[in-house]
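Colleague: I would like to learn how to read a model like this one, feature by feature. Could we take it as a dialogue?

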Amino acid sequence: MEAVGQRILSVKDAVLTRRSIRKFKPQPIPQEVLEEILSLALKAPSSNNLQPWRVVVVQNPELKERLREAANNQAQVSSAPAVLVVYSDMKDTLEHVEEIFHPGFSEEQKQLRAANLRKAWESKSDEERENWGKAQGFILLAFLMLIARSYGYDTVPMGGFNASKVKEILNLPPHVAITALLPIGIADEAGFEHHRHNLQRVVRWQ
Ligand SMILES: Cc1cc2nc3c(=O)[nH]c(=O)nc-3n(C[C@H](O)[C@H](O)[C@H](O)COP(=O)(O)O)c2cc1C
């Protein structure tokens, strides 16, 4: 699929050209492109394949405006034609845990694994569930940013928001954990050049 009239970028080119964009052109993202970006990102791995992530795609201008207010008034939220709200729902995940097993498993194996997973999670606090779910959500977030870029779209990952307010605006239940907001669209600014640590600063070889 050619998204904005250009070839789909390689992973390397997507990595090299992705930067946070906070001013977007108003044109909406075609539904089929959004679905393609989301479908590909859903191939991201998660621990035990639990896939606790969920996404709300917000395009309604009034909702975006309210989200902007809940995100310290950061203008990129209402500037983008769409905002992907990445969150995790451990209650839904554990209630429907049978869904995540490979079809190759027998019914007996599935039931055993489901029981083990539910038992392992039983004793975990709400905070542990939220932190774990949020962390898995960051994997999806990274996939979303790079896949979007490979289709010619830009994003900005955002952790600066009031989670309770975002849940209220989007009618999300209190137990979910919001990983990030991800405004997405076509860039209307260049963004900043990468300024990163080099290999020697970060990597140790043993
Ligand atoms: C988890 C996370 C949360 C962030 N939250 C915000 C935010 O609330 N507002 C914002 O403008 N940028 C936010 N950023 C963007 C960072 O400032 C940006 O990624 C970083 O400066 C590197 O720049 P680059 O993305 O252009 O390479 C966030 C990035 C990450 C990964």
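Modeller: We will go through the sheet, the salt bridges, the ligand shell and two backbone angles. Keep in mind that this is a predicted model.

Colleague: Let us begin with the sheet. In what order do the strands lie?

Modeller: The order is S1-S2-S4-S3, in an open sheet of four strands with antiparallel pairing. S1 and S3 (154–155) are the edge strands, and each of them pairs on one side only.

Colleague: How many bridges join S1 to S2, and how many join S2 to S4?

Modeller: Six bridges join S1 (residues 53–58) to S2, and the two strands run antiparallel. Between S2 and S4 (residues 177–185) there are seven bridges, again with the strands antiparallel.

Colleague: To follow the pairing on screen I need particular residues. Which residue of S2 is the bridge partner of Trp53?

Modeller: Ser88 is the partner of Trp53. Ser88 also stands opposite Ala177 in S4. Elsewhere on S2, Val85 has Leu181 of S4 as its bridge partner.

Colleague: How do I read the side chains of a strand?

Modeller: The general idea is that in a regular strand the side chains alternate between the two faces of the sheet. In S2, Ala82, Leu84, Val86 and Ser88 point one way, while Val83, Val85 and Tyr87 point the other way.

Colleague: Are the residues of S2 buried or exposed?

Modeller: Seven of the seven residues of S2 (residues 82–88) are buried, so the strand is largely enclosed by the rest of the structure. Residues pointing either way from S2 are buried.

Colleague: Next, the salt bridges. What is the general idea?

Modeller: Side chains of opposite charge can pair when their charged atoms come close. A search of the whole structure finds seven salt bridges here. I will show you three, among them the pair Arg19 and Glu193.

Colleague: How far apart are the closest N and O atoms of Arg19 and Glu193?

Modeller: They are 3.9 Å apart. The cut-off for a salt bridge is 4 Å from nitrogen to carboxyl oxygen, so the pair counts. Arg19 lies in the loop between H1 (11–17) and H2 (31–41), and Glu193 in the loop between S4 and H9 (199–202), so the pair ties together parts that are 174 residues apart in sequence.

Colleague: Is Arg19 buried or exposed, and is Glu193 buried or exposed?

Modeller: Arg19 counts as buried because its relative accessibility is 16%, and buried means under 20%. Glu193 is exposed, with a relative accessible area of 63%.

Colleague: Which residue forms a salt bridge with Glu65?

Modeller: That residue is Arg68, and the closest N and O atoms of the pair are 2.0 Å apart. Glu65 and Arg68 are three residues apart in H3 (residues 61–70), so about one helical turn separates them. Glu65 is partly exposed at 30% relative accessible area, whereas Arg68 is buried at 17%.

Colleague: And the third pair?

Modeller: The side chains of Arg149 and Asp154 meet in a salt bridge at 3.1 Å, N to O. Arg149 counts as buried at 11% relative accessibility, and Asp154 counts as buried at 8%.

Colleague: Now the ligand. Which residues come nearest to the ligand?

Modeller: Of the 14 residues around the ligand, Ser20, Arg22, Gln74, Gly159 and Arg196 come nearest. The residues of the shell divide into four nonpolar, six polar and four charged.

Colleague: Which polar atoms should I look for?

Modeller: Arg18 has a polar side-chain atom 2.9 Å from an oxygen atom of the ligand. On the backbone side, an N or O atom of Pro157 lies 3.0 Å from a ligand nitrogen atom, and one of Gly159 lies 2.8 Å from a ligand nitrogen atom. The ligand on its own has 620 Å² of accessible area, and the protein covers 63% of that.

Colleague: Last, the backbone angles. Where does Asn48 lie, and what is its phi?

Modeller: Asn48 lies in the loop between H2 and S1. Its phi is near 60°, a positive value in a residue other than glycine. Asn48 is exposed, with a relative accessible area of 53%.

Colleague: In which loop is Asn73 found?

Modeller: Asn73 is in the loop between H3 and H4 (76–79). Asn73 has a positive phi of about 60° although it is not a glycine, and it is partly exposed at 46% relative accessible area.

Key: Residues are numbered from 1 along each chain as its sequence is written. This is a predicted model: local features need pLDDT of at least 70, side-chain atom pairs count only at pLDDT 80 or more; totals for chains, interfaces and linings use all residues. Side-chain values use heavy atoms; hydrogens and water are left out. Buried means under 20% relative accessible area, exposed over 50%, partly exposed in between (1.4 Å probe, protein chains only). Two strands pair if DSSP finds at least two bridges between them. A residue is near a molecule or strand if one of its heavy atoms lies within 4 Å of it. A polar contact is a pair of N or O atoms within 3.5 Å; within protein, one must be able to donate a hydrogen and the other to accept it, and residues adjacent in sequence count only if both atoms are side-chain atoms. Accessible areas come from the Shrake-Rupley method with a 1.4 Å probe; for residues, only the protein chains shown count as cover. Ala, Val, Leu, Ile, Met, Phe, Trp, Tyr, Cys and Pro count as nonpolar, Asp, Glu, Lys and Arg as charged, and the others, Gly among them, as polar.
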